[in-house]
Amino acid sequence: MTTTGHRGLDHEEPLIFEQDSPGLSGVDLPLPKGGPDRLGGLGRSRPLGLPGMAEPQVVRHFTRISQRNYAIDAGMYPLGSCTMKHNPRLNEKVVRLPGLGDLHPLQPVRTVQGALRLVDTLAHWLKTLCGMPAVALSPAAGAHGELCGLMTIRAAHEARGDARRKVLVPESAHGTNPATAALCGYDVDPIPANDRGRLDLAAFKAKLDGSVAALMLTNPNTCGLFEDQVIEAADLVHRAGGYFYCDGANFNAIVGRVRPGDLGVDAMHINLHKTFSTPHGGGGPGSGPVVLSAALAPYAPVPYVVHDKGGFRLIESDPKAFGRIRAFHGQMGMFVRALSYMMSHGGDGLRQAAEDAVLNANYVMARLGDLLSPAFLGPCMHECLLDDHALKDTGVTTLDIAKALIDEGFHPMTVYFPLVVHGAMLIEPTETESKASVDQFIAAMRALALRAKSGDAEFFHESPTLAPRRRLDETSAARHPVLRWRPPAPPAAAAE
Amino acid sequence: MRYLPLTETDRKSMLAAIGVRSVDDLFVDVPATARRAGPVGLPSFQGEIEVERAFQAFARENLGTGSAPSFLGAGAYRHHVPASVDALIQRGEFLTSYTPYQPEVSQGTLQALFEFQTLVAMITGMDVANASMYDGASGTAEAALMANRVTRRKRAVVSGGLHPHYRETIATYARYSDFQVDLAPPDPTATEDLAARIDATTSAVVVQYPGFFGQIRDLAPLAAKVHAAGALLIVVVTEVVALGLLKTPGEMGADIVVAEGQGLGNQLGFGGPYLGLFATRDSFVRQMPGRLAGATVDVEGRRGWVLTLATREQHIRREKATSNICTNSGLCALAFTIHLTLLGEAGFARLARLNHEAAMALAERLGQVAGVTVVNDTFFNEIAVRLPKPAAAVVDDLVDAGILGGVPVSRLYPSEPALADLLLVAATEVNTPDEIERLAKALAEVLS
Amino acid sequence: MSARRYTKDHEWIIVDGDIATVGITDFAQEQLGDVVFVDLPAIGKEVTKGGEAAVVESVKAASEVYAPIAGTVVAVNDGLAGEPAKVNAEPFGGGWFMKLKVKDPSELDGLLDEAAYRAFVAESH
């Protein structure tokens, strides 16, 4: 233990509220004139309680706490289903260009023709890669895209007087799928997976009738597998008068090799923050454009961009559109970054990226398969799914492996998802990891597997020991939630 | 291809280790009819030089608010963002990390979120705030849904002073989530009587503060009536800087406060990504959507942070979750946190006061222009002015004078002819007296 | 007071006169792990046999608690709000969930007795 509590480069850093020097500010602003106001007597008389700090203190604070984060810049981050790939800095540069970063969403359309051309170019790339005729760009994230897609489907059914109540969702689906369907007013009917980790087509058929609005299927699915009967499933749902919503979270595995439009997809959101590498930023912002089939395109929400002789126009109201799901036009900052990423790769590079992502995942599977237990046979797509059978009777759990990986210098893989696999470990190396990096990860995983099997459970239960914090007490956090800082009670009040 | 580290030699040895001949063998599960062998019909890869050139060309075809006097507001505001904000959010540890699911290696993001939640609770005058929503509009729709859960009723009364995009967003969510909305007509003078619309089925009353047309009203009397009817008061703030000067919504009796946080730390960026702030009372926290960071200790008793109360969320509750939301606006929330921390108590109040003084100067000067009537009796940094002709045409003429002169209300209310002559004009700390003078002169010319 | 009876969803019920006390079993609390929150019904709520009556949450799971029989909620265990850990420590005692005014005593006949419940747990897990 050091006198300061710091440990070398790892600094203990108090909250900003605990560093308050009343009256200080890190921003020098002109002196207001003072005098009467036009606030209608609603000016605030009490302080808010914000801390006062000078700029150097603020910069140091956020620098210090940043150093307590793992990041893709610093190492391999194989979080399955999250796609933590390299975030090119060119994209950060172009998004801040004057003339892009400083555009107001409600400027006259003739002053933003370049922005609209950019949006239209992005749309062209997405439609071409998906083989689909339209794209709704406004959704702010993947789950928001799901909502947009299901609202489009409900609007299309209602437009033909065919109200439907049910959405079929595989049990392996991400939680957002059933949550979205419920938010959109549908009953959720789960479909089991077969023993090959894919949609159980017989069970699906048995549930298919005139009340089904949509099949909501992730492809490649959450087990990292391509749904090999996807075309049959699409045909079946179409024949029953429903639509095929594809969760495109894993589109990054097949870009340039498979077009969702060729699979019978009617609507699919694309997570620009995954497939096209807009940074995750510690949890957003994301962006979830939804590609649409010709049948659904007329119901897409406002606003959208059209191009005619007079140039680009924004359609901001349209009676056929199902409505609006946010203010303004969409996550423009993400559009800029994603287009920069796509143009940098080109059509050829995007295909190569998908192939390398799949290659890296299969390589991990091949090199770990003898010591750990792949959940399903056969090649995987961009992520490798293990279950915890190999850890049986070792006293070591999936969570323990994850925590031990932290001490090895890696971010853990996704654990306990998908729910259909016991003790799931979902590993997604992505195409931006070198072979040397993947080999080091494999070596660490093999060493951990051997150590678990050698009976050294205690080691795992103690880990991590080298991270800024060891295991945190999530139970007490949930039992007695402390969700904000509050000033300590003044001594006089405490004595009362 | 600069982003792909595998060499041809690597690929060959990896395929051999897997035991397949080519990468095609890894795609065998794709139905044959859907496999695409040829090129995808898009341009080939490009270096930084070419890509940057292409984006500069996009940028040149626009007139940025940094290149012309700009008075645009209506839910998105241009403010000065201190240089250190952008430098800090571009640190790779913040920019290139994921949602803090593994708390031991995510304490930086978690501590920043805890600070963010506290700041949002402080400026809204509420007990507790979440880790952010997509934007103000979708956050407002989520607030209406939350009020339905809390009150077990399904009818929201929506003010005519609420931003039209927010009104449309609530109405859209309502149509598909099967609840009712009662949209009061647009209300430029802020004289509507919302209490008359409340009944025993009302779940929430949604008002904006300051209103879309810039007016500021004391919400305490309305709050009392809303609460007497067993409903919740949702207060929406689209210009967060206003909270530097105004009474907090919490002080006036708000049950849920939703705000668009773009105005602090975040660039205009043509409308997104933005930042939804969401705050409420302690007693409603389990009905709140979105992520929450909470304090705890590690096994050695050291203070730390985790994501908590996750059982509200979709990954556990699935179709019974409080919302389908799965992400927040993490990096925008961080930018907001850094900017507000830099400002501090004194700086935030001063920034807000400067905005208000700029708008007072604007209102006074535009009021002197022949044919222009200022509608507002109260305002923060944005006013509605009535013009003798359609505002959209005037704004277009102002562009010819090199000025981004405001937002015509008809842009957001295209089918309300009575509002066609209204122009929303905002001034912030970045607008100089000279710019205001230029606007007034150009406006006089356009109207003459 | 009747003998304790059980459901296949791992609730228990004990009847005293026309008032039944309901909780979750030791097996259920162990499966769930540390209980962090219990969402109890409002007093006066009518519950149906097998209908959702409460929700019990651990850090990473939320489970519905179903009413073993139909009835009206006449009391809930307010102590669980401050001390949800009681569900883990004393599932059959201080960790009870709610009291119901029994609607139809014959519904109790279909429930498992202790031996049958033990056999059910042993067989299915």
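A salt bridge here is a side-chain nitrogen of Lys or Arg within 4 Å of a carboxyl oxygen of Asp or Glu. Keep in mind that this is a predicted model, where local features need pLDDT of at least 70, side-chain atom pairs count only at pLDDT 80 or more, and totals for chains, interfaces and linings use all residues. Residues are numbered from 1 along each chain as its sequence is written, chains are lettered from A and ligands numbered from 1 in the order in which they are written, and side-chain values use heavy atoms, with hydrogens and water left out.

**Exercise 1. Find the salt bridge of B:Asp135 and place both of its ends.**

Step 1: go to the side chain of B:Asp135, which meets that of A:Arg326 at 3.9 Å, N to O.
Step 2: place the ends. B:Asp135 sits in the loop between β1 (128-129) and α6 (136-151) of chain B, and A:Arg326 in the loop between β9 (311-315) and α9 (332-368) of chain A, so the pair crosses between chains. (Helices are DSSP runs of H or I with at least four residues, strands are E runs of at least two, and both are numbered from the N terminus.)
Step 3: put the pair in context. Chain A and chain B have 19 salt bridges between them, while the whole structure has 66 over all chains. Another A–B pair to look up is B:Glu300 with A:Arg470, at 3.0 Å, N to O.

**Exercise 2. Describe what chain A shares with chain B, then with chain C.**

Step 1: start with contact, meaning heavy atoms within 4.5 Å. Against chain B, 205 residues of chain A and 197 residues of chain B take part.
Step 2: add the buried area, which is the accessible area (1.4 Å probe) that two parts lose on being put together, summed over both. For A and B that's about 17,300 Å², with 62% from carbon and sulfur atoms. On the chain A side, A:Arg38, A:Leu42 and A:Leu483 supply 5% of the area buried against chain B, more than any other three residues.
Step 3: switch to chain C. Now 5 residues of chain A touch 9 residues of chain C, and about 540 Å² is buried, 53% of it on carbon and sulfur atoms. A:Glu474, A:Thr475 and A:Arg479 lose the most area in chain A, together 79% of what that side buries.
Step 4: check for salt bridges. The A–C count is 1; C:Lys60 and A:Glu474 pair up at 3.1 Å, N to O.

**Exercise 3. Work out which residues pack α10(A) against α11(A).**

Step 1: locate the helices of chain A, α10 at residues 398-407 and α11 at residues 435-453; their axes lie 11 Å apart at an angle of about 130 degrees. (Axes are lines fitted to C-alpha atoms, for helices over the stretch in contact, and angles run from 0 to 180 degrees between N-to-C directions.)
Step 2: list the contact. A:Ile401, A:Ala404 and A:Leu405 come from α10(A), and A:Phe441, A:Ala444, A:Met445 and A:Leu448 from α11(A).

**Exercise 4. Pick out the backbone oddities at A:Pro220, B:Pro273 and A:Ser81.**

Step 1: recall that most residues other than glycine have a negative phi, and most peptide bonds are trans.
Step 2: check the prolines. The bond from A:Asn219 to A:Pro220 is cis, with omega near -10 degrees, and A:Pro220 lies in the loop between β4 (212-218) and α7 (230-239) of chain A. B:Gly272 and B:Pro273 are also joined by a cis peptide bond, omega about 0 degrees.
Step 3: finish with A:Ser81, whose phi is near 75 degrees, a positive value in a residue other than glycine.
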